[in-house]
Amino acid sequence: MLTAKNITKDFDISGKMVPVLKGISLTVAEGEFVAIVGRSGSGKTTLLNVLSTLVKPDNGDLHYLENDLRTLSDSRLNKLRQADFSVIFQFHHLLPYLTVLENALLPFMRSMKPVKKEAVNKAWQCLDRVGLADKADRLPGSLSGGEQQRVAIARALVKSSKVLFADEPTGSLDKGTGEQIMELLSALHKEGMSVVMVTHEPEYARLTQRTVVIEDGLMVC
Amino acid sequence: MNILTIPIRNIRRKPSKTMLLLLVFSLGVMSIVALYQVSQVVGYSLEKKLTTFGANIVISPATEKLSVSYGGFQMGEMFFEIQDLPEETTVQAIRAIKLQDRISAVAPKLVTMAKINDIAVALVGVRWQDELGIKSYWATDGSFPEQADQILLGKKAAAQLGLSAGAKVSILGKEFLVSGTLLETGTDDDTVILMGLTELQTLINKPGATSFIEVAALCSGCPIEDIVSQIREQLPNTEVKALQNIVNQRMASVHFVQKLALSISLVILVTASAMVGLSMLSAVNERKKDIGILRSLGYGKGNIFFIICLEAGLIGVLSGTLGYLTGYLSSFKVLEYLSLADGATPQFSFAHLLLAGVVFGLITVLAALYPSWKGAGIEPSAALVAL
């Protein structure tokens with residue numbers, strides 16, 4: 001479903017081009033749960049951002065279904081991010097001035113048209129599923145890290161995304177909360193959602209179907 | 001919930017920052033509105049004061065004139081059918097035009113010739129209250145007539161007749177008391193004898209007649225041509241002339257005040273807009289993280305541009321409304337402090353209130369165009385650095 005071939009990416013750091021991805025190839029099948037692991041600075045987050053279209057690769061091929069993501073127009077990429085892709089980050093992944101419910105509905109608030117009632121109902125269901133329906137009117141700042149992460153997952157659920165990209169979703173959480181998040185991700189995968197997760201915790205990587213190890217911008221296995 | 005929710009919530013998130021920005025721009029709007037109101041009132045007062053220095057419209061009976069010569073003898077210009085204007089109906093007609101609020105004074109006059117001690121002199125009948133209303137520069141060595149049998153002499157006429165204040169003189173068979181002599185004006189008034197209009201009408205047996213009528217009109221807000229054409233419509237058989245040089249001089253004074261206010265307003269507006277622009281620019285830099293989140297959710301550049309513009313526009317609309325109200329109220333204080341109102345008051349208008357909201361909303365949007373464009377141009381990858 002998602003295919004990356006010979007992806008390279010350099011970053012300009014203090015005027016010097018530093019290669020971060022040095023020719024990585026990866027395929028994510030429909031409904032697959034893939035973990036990307038590696039040490040800090042190995043390039044795993046950059047790879048996730050390239051796969052989720054947030055960062056453009058310098059070279060290589062990147063395809064999602066029939067779409068060549070490297071040549072896709074901005075508007076088509078936006079459509080993809082609106083419907084098919086969801087991204088959750090390690091930190092600060094919610095708008096702090098919107099309530100939990102509004103954050104969950106953020107993908108549907110792009111125009112002057114009020115959010116449809118069906119979307120609102122679905123958001124309530126998804127918040128209920130992640131155990132946050134009773135905190136729908138709260139601001140993210142009053143939630144714990146785990147709860148904030150669950151709001152981000154609820155947002156992906158409301159969108160009915162096909163692929164969920166998670167960048168160290170348990171990185172800032174305690175063990176118990178991290179396990180809850182992993183349970184949620186596993187459940188979503190079982191329901192057919194493809195999940196690509198960056199983690200540096202082997203025990204969580206073991207819960208996925210496949211682990212990809214990145215070292216110094218290269219895939220080692 | 002819609003896209004408006006995002007800027008509204010963000011504005012509420014930082015109340016102190018929002019209040020400060022609102023305060024700065026409202027103060028700018030307040031200054032502009034107060035300046036506008038003060039300039040309007042001062043312009044009106046100034047023009048009203050200027051109308052006391054003479055009329056700017058003259059209405060006279062329609063006449064036909066002909067240059068006559070016969071057998072090589074030049075008889076000069078002959079006037080046919082010189083008719084007088086009926087005072088009451090003409091004054092009423094002038095006061096009844098659509099722009100009647102722009103009529104500051106109406107001064108009817110009757111002119112005739114008489115011989116006093118074998119010296120030919122012009123007699124001018126006036127309504128003293130109206131006449132002094134448009135000739136505030138008149139000064140006399142005695143007093144202005146207060147009784148029907150009192151007259152005022154022009155400086156040259158007094159010298160020619162050898163009369164001064166307190167003297168008695170017989171005019172067309174009736175005795176009058178000279179109440180004073182006009183100090184030299186440099187105008188035709190120096191050569192005439194001025195008396196009450198009713199007395200002159202009675203003396204020459206022309207009750208209710210006038211030779212011409214001078215009108216002092218306020219021209220700011222509408223051109224003199226409009227007033228003139230409306231008087232012409234009311235008085236079709238008369239000649240209505242605007243004294244353009246007087247009008248232009250007065251309007252130059254009024255426009256100077258208004259242009260000065262406009263220039264200061266523009267400086268304030270540009271400064272306030274620059275502050276809004278800078279504030280939005282810094283807000284864009286602060287909110288790269290938010291932009292990154294929104295971009296990751298499929299918000300396009302247009303959406304980001306719209307959100308930032310909306311935020312600026314909301315501040316502009318609020319500032320415009322608040323600034324108009326405070327500016328309107330403060331203009332009273334300014335006029336009171338400067339003692340410039342002269343009877344006129346600032347005018348409140350709901351249409352202007354709405355206009356202020358819309359216009360200043362648009363101005364802040366314009367000021368935020370560059371920050372919005374810059375914000376919209378942030379690639380998700382750049383915004384992710386902030387995450």
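1. A pocket, in the sense used here, is an open set of grid points with protein on both sides within 12 Å along at least five of seven lines. Keep that in mind while you look around this model, which is a predicted one. Its largest pocket holds about 490 Å³ of space.

2. So who lines that pocket? Which residues lie nearest its centre? They are B:Ile32, B:Val33, B:Tyr36, B:Leu262 and B:Phe360, out of a lining of 19 residues. Try finding these five in the viewer and you'll have the spot. For the lining's helices, look at H2 (15–51), H8 (244–286) and H11 (350–367) of chain B, each of which gives at least two residues.

3. What is the lining of the largest pocket like by class? There are 13 nonpolar residues and 6 polar ones, with no charged residues.

4. Now for the enclosed spaces. The count is 4 cavities of 30 Å³ or more, and the largest cavity has about 130 Å³ of space. Its lining is made of 13 residues, and B:Asn10, B:Lys17, B:Thr18, B:Ala283 and B:Glu311 lie nearest the centre. By class, the lining of this cavity has 4 nonpolar, 3 polar and 6 charged residues.

5. Chain B's helices turn up again around the largest cavity. Helix H1 (5–13), H2, H8 and helix H10 (301–338) of chain B each put at least two residues into the cavity lining. H2 and H8 of chain B also each supply at least two residues to the lining of the largest pocket, so have a look at both helices while you're there.

6. On to where the chains meet. In chain A, 29 residues are in contact with 27 residues of chain B. Together the two chains bury about 2600 Å², and 65% of that is on carbon and sulfur atoms. Three residues to click on are A:Tyr97, A:Arg110 and A:Met112: they supply 25% of the area that chain A buries against chain B, more than any other three residues.

7. What about polar links between the chains? Between chain A and chain B there are 2 salt bridges. One of them joins B:Lys301 to A:Asp74, with the closest N and O atoms 3.4 Å apart. The interface also has 13 residue pairs in polar contact, both partners at pLDDT 80 or more.

8. Which helices does chain A bring to the side that touches chain B, with at least two residues each? They are H2 (74–83), H3 (100–105) and H5 (145–159) of chain A. H2 of chain A gives the most, with 4 residues. By class, this side of chain A has 16 nonpolar, 6 polar and 7 charged residues.

9. Last one: over all chains, the structure holds 20 salt bridges. In one of these, the side chains of A:Asp216 and A:Lys22 meet at 3.1 Å, N to O. A:Asp216 sits in the loop between strands E9 (210–215) and E10 (218–219) of chain A, while A:Lys22 is in strand E2 (residues 16–28) of chain A, so the pair ties together parts that are 194 residues apart in sequence.

Notes. Residues are numbered from 1 along each chain as its sequence is written. Chains are lettered from A and ligands numbered from 1 in the order in which they are written. This is a predicted model: local features need pLDDT of at least 70, side-chain atom pairs count only at pLDDT 80 or more; totals for chains, interfaces and linings use all residues. Side-chain values use heavy atoms; hydrogens and water are left out. Contact means heavy atoms within 4.5 Å. Buried area is the accessible area (1.4 Å probe) that two parts lose on being put together, summed over both. A salt bridge is a side-chain nitrogen of Lys or Arg within 4 Å of a carboxyl oxygen of Asp or Glu. A polar contact is a pair of N or O atoms within 3.5 Å; within protein, one must be able to donate a hydrogen and the other to accept it, and residues adjacent in sequence count only if both atoms are side-chain atoms. Ala, Val, Leu, Ile, Met, Phe, Trp, Tyr, Cys and Pro count as nonpolar, Asp, Glu, Lys and Arg as charged, and the others, Gly among them, as polar. On a 1 Å grid over the protein atoms alone, a cavity is a set of points where a 1.4 Å probe fits but cannot get out, and a pocket is an open set with protein on both sides within 12 Å along at least five of seven lines; lining residues have an atom within 4 Å of a point. Grid points are joined across faces, edges and corners, and a volume is the space filled by probe spheres set on the points.
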